[in-house]
Amino acid sequence: MGFVRPEIVEALRARLSHPVEAAILVVLFGLGLWMSLGALSPFSPVSLAVGLGFLGAGLVSARAFGLRARLRRTGGPGVVQVDEGRIAYFGPDGGGFVALTHLMAVDLIGSPQRWVLRNGEGEDVVIPAGADGVAALFDALSGLPGFSPQGALSALDEGQRGLVRV
């Protein structure tokens, strides 16, 4: 019998499935602690400032890593690719392309959850929330004005039915 419940181990294993991101977080936090605890000299203001800077960068990276990990739901049909400002979805029943510059609205519709990317030409691209590479979609949409990452995550987590404009 282990000290940690199996559910927690599985959740950690799923979140740390990308070792490069986990290594970056460990390095940032390690450097931050080392510098803030007096790497140059004890109680040096420069050491403290640099250390706190590394800790802040680690916290920002951890937040971004956590957001992407929550969106990494695999097992859905199709593949999402983001390349040079264009989102492509290749699925078994269809697919499509939409340029970020032509994107007019992003909606989430429920059960089963799907992203609906609406462009100005009337052609919608419908992407299942569990498609491979959907985290790249979230990264691409995060830079758009008016896109609410928290609204998208809460709609995905709560499994809301109906249409949610994000």
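This report walks through a sheet, a nonpolar core and two residues of strand 5 in a predicted model.

**The sheet**

Let's start with the open sheet, where three antiparallel strands line up in the order 1-2-3. Strand 1 (79-83) and strand 3 (94-99) are the edge strands; each has a single partner strand, so one side of each has no neighbour in the sheet. From one strand to the next, the twist averages 10 degrees. Strand 2 and strand 3 run antiparallel and are joined by six bridges. R86 sits opposite A99 of strand 3. Helix 4 packs on the sheet, where it touches strand 1 and strand 2, and its direction makes about 35 degrees with that of strand 1.

**The core**

The largest nonpolar core has 23 residues, and those touching the most other members are I87, W115, L117, I127, L137 and L141. Among the elements that give two or more residues to this core are strand 2 (86-91), strand 4 (103-109) and helix 5 (149-158). Helix 4 provides the largest share, five residues.

**Two residues and their contacts**

N119 belongs to strand 5 (residues 114-119). Because its relative accessibility is 10%, under the 20% cut-off, N119 counts as buried. The table sets out the contacts of N119 and L117, leaving aside neighbours within four places in sequence.

| Residue | In contact with |
|---|---|
| N119 | V98, H102, L103, M104 and D124 |
| L117 | I87, V98, L103, A105, V106, E123, D124, V125, I127, L137 and L141 |

Both lists include V98, L103 and D124. For L117, the contacts also include I87, I127, L137 and L141, which are named with L117 among the core residues that touch the most other members.

Definitions and conventions:
Residues numbered from 1 in each chain as written. Predicted model: local features only at pLDDT ≥ 70, side-chain atom pairs only at ≥ 80, totals over all residues. Heavy atoms only, no water. Helix = DSSP H or I, 4+ residues; strand = E, 2+ residues; numbered from the N terminus. Buried < 20%, exposed > 50% of the residue type's maximum accessible area, 1.4 Å probe, protein only. Contact = heavy atoms within 4.5 Å. Core = buried A, V, L, I, M, F, W, Y, C linked by side-chain atoms within 4.5 Å. Pairing = 2+ DSSP bridges. Axes fitted to C-alpha atoms, helices over the stretch in contact; angles between N-to-C directions.
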